[in-house]
Amino acid sequence: MGCRDVHAATVLSFLCGIASVAGLFAGTLLPNWRKLRLITFNRNEKNLTVYTGLWVKCARYDGSSDCLMYDPTWYSSVDQLDLRVLQFALPLSILIAMGALLLCLIGMCNTAFRSSVPNIKLAKCLVNSAGCHLVAGLLFFMAGNVSLSPSIWVIFYNIHLNKKFEPVFTFDYAVYVTIASAGGLFMTSLLLFIWYCACKSLPSPFWQPLYSHPPSMHTYSQPYSARSRLSAIEIDIPVVSHTT
């Protein structure tokens with residue numbers, strides 16, 4: 001397996017990472033984390049459902065798509081601990097995952113466009129593509145943990161609310177979107193780890209490029225001519241001979 005090439009595993013992991021980050025964005029912005037179902041037994045009135053998100057709250061009658069009550073300042077007065085934790089956890093997870101995407105992109109570009117002959121002027125800027133993918137995999141795994149744990153906690157917190165008050169609380173589809181996105185981050189991390197382990201030679205050190213280093217820099221330097229090796233300054237002195 002030639003690890004100098006950009007393989008399907010790294011490209012697939014990059015695309016999976018983008019889809020997962022997009023899912024986290026959607027889960028963060030959706031106002032559908034928790035539903036409060038208020039049922040009336042009056043035939044002249046409609047049932048009311050309160051949709052609670054991380055940033056806004058909306059109340060709707062059954063069969064209506066318009067918000068009877070819309071609270072855009074809900075983010076500053078959240079009184080539910082699980083949603084308050086998610087307000088910090090999901091943006092943090094997105095930032096970590098975006099950093100991992102950047103590292104993964106740097107590693108792929110360096111692998112795809114790297115010249116077989118190193119440039120002496122860029123010797124201090126050489127990028128370890130394998131290291132980029134390895135650190136990206138670790139960051140994807142961390143981002144998945146940061147987003148998955150509080151999202152699962154919402155499910156158990158609903159059970160706590162139903163026991164404490166009345167069984168009128170249910171979690172909405174934003175929970176599923178976020179859990180699926182966290183699973184995508186874990187899948188991305190797994191693909192990068194599989195690629196790294198499949199290409200890694202076992203006896204080599206842990207933090208080292210997957211492939212052998214190219215020949216050392218001095219082998220690519222231009223050889224000095226025989227004349228320049230003898231002396232830095234050579235002066236030709238003319239010799240005058242007299243003939244009789």
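User: In which sense do E1 and E2 pair, and over how many bridges?

Analyst: Strands E1 and E2 pair in the antiparallel sense over 5 bridges; two strands pair if DSSP finds at least two bridges between them. Strands here are DSSP runs of E with at least two residues, helices are runs of H or I with at least four, and both are numbered from the N terminus. Arg 37 has Thr 49 in E2 as its bridge partner. E1 also pairs with E5 (residues 169–171), antiparallel over 3 bridges, and there Arg 34 stands opposite Phe 171.

A word on the source: this is a predicted model, where local features need pLDDT of at least 70, side-chain atom pairs count only at pLDDT 80 or more, and totals for chains, interfaces and linings use all residues. Residues are numbered from 1 along each chain as its sequence is written, and side-chain values use heavy atoms, without hydrogens and water.

User: Happy with strands! How do I read two packed helices?

Analyst: Two packed helices are described by the angle between their axes and the distance between the axes. Here the axes of H3 and H4 (residues 173–199) come within 8 Å and cross at roughly 155°. Axes are lines fitted to C-alpha atoms over the stretch in contact, with angles from 0 to 180 degrees between N-to-C directions. H3 and H4 are therefore roughly antiparallel, the term for angles over 145 degrees.

User: Which classes of residue make up the contact of H3 with H4?

Analyst: That contact has 20 nonpolar, 9 polar and no charged residues. Nonpolar covers Ala, Val, Leu, Ile, Met, Phe, Trp, Tyr, Cys and Pro; charged covers Asp, Glu, Lys and Arg; the others, Gly among them, are polar.

Note on methods:
Parallel < 35°, antiparallel > 145°, perpendicular 65-115°, else oblique.
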